[in-house]
Amino acid sequence: MNISLVFPPFHLQSLYNLPPLGLISLATVLGEAGHRAVIRDLVLALRQGSLGMGKELYGEAARIILRDDPDLVGFSAQCTTFPAVVRIARLLKEQKPDLRIVAGGHNVSFLDVPTLERFPWIDAVVRGEGEVTFRELAASFAVGNDPAEVAGVTWRRGTEIVRNPDRELIADLDTLPLPDYTLVPPLASYRDACGIPRSIAILEVGRGCPHRCVYCSESVMWRRRTRTFSIPRLIREMEELHGRFGAECLVLAYDQFTADRRFVEEFCNRVIDARLNRVPWYCISRLDSLDRPLLDLMREAGCESMCYGIDSGSRRTLAFIGKEIDEGILYQRVRETTEAGIVPTLSFVIGFPEEEREDIDQTLFLALKAGVQGNSAPLVQLPTVLAGTELHRRYTGRLIREVDTYFSLGLEFDDGRRLADDENLIDAAPFLFSSFYNLPCAGVSLAELDRIARWFPLILNGYPKSFILLSLALGRPPSGLFQEILSRLEEEGWREDDPTAETAFLERIPRHAEGLMAGNASWPHFAEILTYETLALQATHRCPPRADGARPLTGDPAERCRPMLREEVTVSEFRRNLPAIIADLKSGIFRESYPPEPTLLIFYPSGERLEVLEINRFGKDFLLLCNGSATCEEIAATLYGEYGVAMDSGAFSEECKDALAVFTGMGLVRDGAAPAP
């Protein structure tokens, strides 16, 4: 059979940058079975411009698919793309009535019967794990049989909808062939089309989750069982993805990757032995399944980033979700993760139906305390009501449409808006398209929750220490304080839809925070913490200098150059011991005051991280004299009367040369002399 496997169109800049592994796996299996299987990645087509935005998008998508002259079309239908699947499938059926159309994926796996009842142009649904089921379904269609004997399929027999028995999960995942990436464009095509620095591919480590979180369909999809590919198979696939297909970064797909310590240790050691640790990777982890030695091993094996699902700071909400989080472990793990050189993404969810404002504030305060640890990537979301979940089962009668959550975006094809027919389709079937809907929250309006989800992460990234101190000093909960800051911003003309809104938000936060603290004599170190975080943001956001004629320091720095402090480096003096105060904050210690203890700090970016270094007064004065107008010897002569009287001038000059060598090695200074002709 000619089979087209379709990744439906959506466009969300932050959410897509790699090929659809599920369809690649299906196409590989189908190819081994003798079918001609092609993959039509319509998301990539949108990015590359071969599929245009606008009202005719679905019609053009159907024409692209029909060019392959398929006998069977399979769609991957997830929450956001489900409306697009329905509408493209209808157009295909109208133009080629004998075409078989099959849908698979989380959404339709749990909504198989209502999907076929409402959309008669879809012929069958593959439920759950697709590789074996789809292969058998295609074999049945190829010889003209109905799929009555194919487990895991729901199908249409005339006007009757038949739901075959469930299929057993694949016991040994290694029986699946390695995904054949020749079936999609080169990984570099995805990199270039998405404007990202590296080519990314998914390495599927395992499937399943044993937990029962009310919002997650993953555990239900895999029947709360877990399975992994063998480590030799994973190493072989890593070698293939990197060596043959050019993957420069890998996403390890498996929610329970760190659940089995021995598995992680063996995997990491094998990666190191195979010298594949030069390929960075990202994974998902639980807080309670890691410690510092394992984090260090993972970092050595190439782990660059990981996601922790924190969810909530409210015990009542965690009980509702069906999850336990130990706050003490949270701070320790976040700190250990960042100290190991791994960037943690911390995921929080606000706005569950039974939550009161107090629950939301407990989550925001927890997020702030986690943000104090530094170098993390916070994500704040409203709950998405996914088919198959406890939320969907219990609350579909309360669904309303008011704000778009993160996982309902991507179909804005009509000049930044959804197509009118998509909106009508979603409006007509809340049960089927629940991910586009909201659940009312008992204690906070959806509009306020949406603003928190979109803008509070900027506080968590930029000003978590200041915001905690502000909340404590004023005795006000985070949500109310945040709303007041937003109101003040709007009073002076700030608008959320302005292209510069994010930059303006961060630039104005210090002034409004100071205004809120005006007249409050307690917590006197607040102002210095605010300055510290402002300087840290400025250092992080400054780009390294471009090729501007300035040369790196080479040879003997005292003889050959006029050192200049790099533009992205800031030297600042504080009245109190900021490193000690921040160490207290990271440990959850919040003191109302600290004694004067002057401190000198350097702020500078190192790679993608911010570094803050404490220096002495000599170091500060030396760096401030590195302005491109004097040699090291001339700087030494200037500083000699203040710092060198206890030694002869030659020895002090050598001390200055040593200091310059250290600062050069740290990347703090460059050669400010005019470039050679």
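This report describes the empty spaces, the nonpolar cores and several individual residues of one predicted model.

Residues are numbered from 1 along each chain as its sequence is written, and side-chain values use heavy atoms, with hydrogens and water left out. Because the model is predicted, local features need pLDDT of at least 70 and side-chain atom pairs count only at pLDDT 80 or more, while totals for chains, interfaces and linings use all residues.

## Cavities and pockets

Rolling a probe the size of a water molecule over the atoms shows where empty space is left. The search uses a 1 Å grid over the protein atoms alone: a cavity is a set of points where a 1.4 Å probe fits but cannot get out, and a pocket is an open set with protein on both sides within 12 Å along at least five of seven lines. Lining residues have an atom within 4 Å of a point. Grid points are joined across faces, edges and corners, and a volume is the space filled by probe spheres set on the points.

By this rule there are three cavities of 30 Å³ or more. The largest cavity holds about 90 Å³ of space. Its lining consists of 13 residues, and Ser25, Pro177, Pro179, Glu204 and Arg233 lie nearest the centre. Two elements, helix H1 (21-32) and helix H10 (231-244), give two or more residues to this lining; helices (H or I, at least four residues) and strands (E, at least two) are DSSP runs, numbered from the N terminus. H1 gives the most, with four residues.

The second largest pocket has a volume of about 250 Å³. Among its 14 lining residues, Arg127, Gly128, Asp166, Met221 and Arg223 lie nearest the centre. Helix H5 (106-110) and helix H9 (218-221) are the elements that give two or more residues to the lining of this pocket.

The table sets out the composition of both linings. Ala, Val, Leu, Ile, Met, Phe, Trp, Tyr, Cys and Pro count as nonpolar, Asp, Glu, Lys and Arg as charged, and the others, Gly among them, as polar.

| Space | Nonpolar | Polar | Charged |
|---|---|---|---|
| Largest cavity | six residues | two residues | five residues |
| Second largest pocket | four residues | three residues | seven residues |

## Nonpolar cores

A nonpolar core is a set of buried Ala, Val, Leu, Ile, Met, Phe, Trp, Tyr and Cys residues joined through side-chain atoms within 4.5 Å. Buried means under 20% relative accessible area, exposed over 50%, and partly exposed in between (1.4 Å probe, protein chains only).

The largest nonpolar core has 201 residues, and those with the most contacts inside it are Phe75, Phe257, Phe267, Trp281, Met298, Phe433 and Phe505. Helix H18 (residues 446-462) supplies the largest share of this core, nine residues. Contact means heavy atoms within 4.5 Å. Leaving aside neighbours within four places in sequence, Phe267 is in contact with Leu203, Ile231, Leu234, Ile235, Met238, Leu252, Phe257 and Trp281. A second, separate core of 23 residues includes Val569, Ile615, Cys632 and Phe663.

## Helix H4

The expected span of a helix is 1.5 Å times one less than its number of residues. For the 14 residues of helix H4 (residues 82-95) this gives 20 Å, which agrees with the 20 Å between its end C-alpha atoms. The buried residues of H4 include Phe82, Val85, Ile88, Ala89, Leu92 and Lys93.

## Buried residues and their contacts

Arg451 is found in helix H18 and counts as buried because its relative accessibility is 14%. Not counting residues up to four places away in sequence, Arg451 touches Phe456, Phe482, Gln483, Leu486, Glu490 and Glu496.

His525 is placed in the loop between helix H21 (501-517) and helix H22 (526-541). With 2% relative accessibility, His525 is also buried. Beyond residues up to four places away in sequence, His525 touches Leu469, Arg576, Ile581, Arg591, Glu592, Ser593 and Tyr594.

Pro464 lies in helix H19 (residues 464-474) and is buried at 3% relative accessibility.

## Residues with positive phi

Most residues other than glycine have a negative phi, and most peptide bonds are trans. Arg275 has a positive phi of about 60 degrees although it is not a glycine. Arg275 is found in the loop between helix H11 (261-273) and strand S12 (281-285) and counts as exposed because its relative accessibility is 62%.

Asn375, likewise not a glycine, has a positive phi near 55 degrees. Asn375 lies in the loop between helix H15 (357-372) and strand S15 (377-381) and is partly exposed at 33% relative accessibility.
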